[in-house]
Amino acid sequence: MSNWSAALVGNPNTGKTSLFNALTRSYEYVGNWTGVTVEKKVGQLRAHGGELIDLPGIYSLQPLSKDEGVAVQYLIEEQPHAILNVIDASQLERNLYLTIQLLEYEAPMLIAMNMNDVAEGRGMKIQEHKLAELLHVSVIRVNARRNQGIPNLLSSLSAEGRSMQDSTSRFKLDYGKEIEQAITELVRLLPAVQHLAPRWLALQYLENNKVVQQWLQAHAPAHALAMMNIRNNTEKELQAAGKALHLAQHIRAVRMAFIRELQDVSVSRAQRTSATLTDRIDAVVTNRWLGIPIFMLVMYLMFKLTFEWIGSPVSDLLDSFFGGALTDWLNDGLAWAGASEFTRALLVDGILAGVGGVLVFVPQILILFLFISFVEDSGYMARVTLVMDRLMESVGLNGKAFIPFIIGFGCNVPGIMAARSMEQPRERLVTSLLVPFMSCSARLPVYALFAGVFFSSNQALIVLSLYALGIVLTLILAKLFTKMLMKDEQSIFVVELPPYRMPQWRTLFRSTWEKGKGFVRKAGTLILGGSVLIWLLSYMGPGGFNVDMDHSFLAKLGGILAPVLAPLGFGSWQAGASLVTGFLAKEIVVSTMNIIYHAPDMSLLSLEIGKAFTPVSAYTFCVFVLLYVPCLATVGVLRKETNSWKWTLFSIGYALVIAYIVALIVRLIGLSLGYV
């Protein structure tokens, strides 16, 4: 039954996405930290068919952030045939709160108990059959990372012969006389909806679930006042009965009492004799004074590997292939085929020079992504957000805002989307506006080119300084924006600190490829098209075809900006044209330079760059590329996430102004220090 579907629901960082990948044989972004899934993802269940929908991680069905709202909205508006609830065995009490809310949803349900090895390492022994008996639902032990328990889950979730039984209606908590009476009265007023349990709707309404309340106001407007009166009267009855708690607090207290009873019966704990490895590492890396220096040291090591120790030598080998053997083969093949000079120039000077000039940096980008994947999957990335929380609070944000910034190091587009995890709308907006200042992988070819030419002995330090500059400016602007836009909002910060674990190499390589293939795909689409367009602009001019480069349309375009860029030290039409085309994608800056300078390989391009720039103007150019307008894809996602052309155009405009001012300051400082 291809139309059969199950919703994958659980707390953040319970291994949901890993389990989704194992059950569907697809691959989604996996990280050992909170905030990986920011929208629902759909995959086909292995062997048995049917859809599995991976929803963002939520702690309860009361959404605090935009990504949590995605999960609740799906449960209300869609009709999943079943729910697969993933729980972290090492954090059973917190995870079971959501489990109870899902059981009350009254859809056929199955519990996948993950992280059992972590629980055992903490001295916890869980009897899953006891859990299953008291919750009236099947509980299956799994290890999503090692594919353990997957066949049992697939068998239970199969569309044809599901072993799941619609037994969740047997689970029912007694919330006391006042609440139960209110539920009965609300159920009489609720609209008949086939896939939503009336009792669940009533409970969520009493808990003040905003998404449910809005849905009920839209579907039962005539009863809105009556439902509100029932809730208010019940609140008063609780107070009169001597129960000082508010409605939502009372409901939560009943659930937590049941969860504690459940744990007493099903969980036994051994005495912990010493601190765990995670505790010992955290004592150092999350230290108040050592945390940020350690993070900077990790970043420096990452850039040394990327640009000096491994990345550059491999890129040089690839460059020699593109500029040597491949160019010769292509020229010989075109000569043998009798191709015209136009065709030869287009393929060799346009496409190969443009696309090849970017592809030579793929090894460095893959090494960077491999390192980032290792840091994410090890559990250290979550600690970075905790360490940065103190600094982020000083500028009006919190450590959770650093998650989109870190993701932005790979690509600004998913970084902006990750801002959905921010609970407050204005905080989400500020974070989205600042993510483009994070130095994404698309800027790396520019850094690598200029650092290799002018700062070959200190490439890692130069690139680290550019990343640090982006972060420092982001913090300064965050302070300004939060004062202007977040006067009445209070920041909320909740972060999951998972245990450290050694990443699996198979997972690391797959994660690296999934991140890197977007760069390669862009080279085969956007950069390819951009290279053809740039070459045509360089080939044509007001005087016709095959004109001198200095009289081409490209030169005319770059010449418009040259006087404006002259105070920054790179007032040539070549630099101006490269920056204009870089709006499509930052990698195209290098493609444009390859085409402009007729460089078949990096050695020749480096020679030409060395003539056109000085060390100060080269560094200033990199600073400008770091900060000036977001790329076309980033502009598109900004428009979508902010739902406002005003803020999107503001993002473009203020970035351009900041880029010019900072680049000018950097140049003046360099000149004042005696550099040229």
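Helices, here runs of at least four residues assigned by DSSP, are numbered from the N terminus, and in this predicted model the loop between helix H8 (198-206) and helix H9 (210-219) holds Asn208. Although Asn208 is not a glycine, its phi is positive, at about 70°. With a relative accessible area of 36%, Asn208 is partly exposed, because that class lies between the limit for buried residues, under 20%, and the limit for exposed residues, over 50%. A positive phi, near 55°, is also found in Asn643, again a residue other than glycine. The position of Asn643 is in the loop between helix H30 (632-642) and helix H31 (645-672), and its relative accessibility of 63% places Asn643 among the exposed residues.

A sheet was examined next. Strands of a sheet pair through backbone hydrogen bonds, and this pairing may be either parallel or antiparallel. In the model, six strands make up an open sheet of mixed pairing, following the order E2-E3-E1-E4-E5-E7. Strand E2 (41-44) and strand E7 (138-141) are the edge strands, each of them pairing on one side only. On average, and with direction ignored, neighbouring strands of this sheet are turned by 25° against each other. The pairing of E5 with E7 is parallel and extends over four bridges, and within it Ala112 has Ile140 of E7 as its bridge partner. Helix H6 (residues 150-157) lies across strand E1 (5-10), strand E4 (82-88), E5 and E7, and the direction of H6 is at about 170° to that of E5.

Strand E5 (residues 109-114) also contains Asn114, which counts as buried because its relative accessibility is 6%. When neighbours within four places in sequence are left aside, the contacts of Asn114 include Thr14, Gly15, Val86, Ile87, Asp88 and Ala89, and also Val142, Asn143 and Ala144.

The interior was then searched for enclosed space. Rolling a probe the size of a water molecule over the atoms shows where empty space is left. Two cavities of 30 Å³ or more were counted, and the largest cavity holds about 110 Å³ of space. Its lining is supplied in part by helix H13 (291-309), helix H16 (362-378) and helix H17 (380-393), each with at least two residues, and the largest share, four residues, comes from H13. Among the residues that line the largest cavity are Phe295, Val298, Met299, Met302, Phe371, Tyr380, Ile406 and Phe409. By class, this lining consists of twelve nonpolar residues, with no polar and no charged residues.

Technical notes:
Residues numbered from 1 in each chain as written. Predicted model: local features only at pLDDT ≥ 70, side-chain atom pairs only at ≥ 80, totals over all residues. Heavy atoms only, no water. 1 Å grid on protein atoms, 1.4 Å probe; cavity = no way out; pocket = protein on both sides within 12 Å on 5 of 7 lines; lining within 4 Å. Points joined across faces, edges and corners; volume = space filled by probe spheres on them. Nonpolar A, V, L, I, M, F, W, Y, C, P; charged D, E, K, R; others polar. Buried < 20%, exposed > 50% of the residue type's maximum accessible area, 1.4 Å probe, protein only. Contact = heavy atoms within 4.5 Å. Pairing = 2+ DSSP bridges. Axes fitted to C-alpha atoms, helices over the stretch in contact; angles between N-to-C directions.
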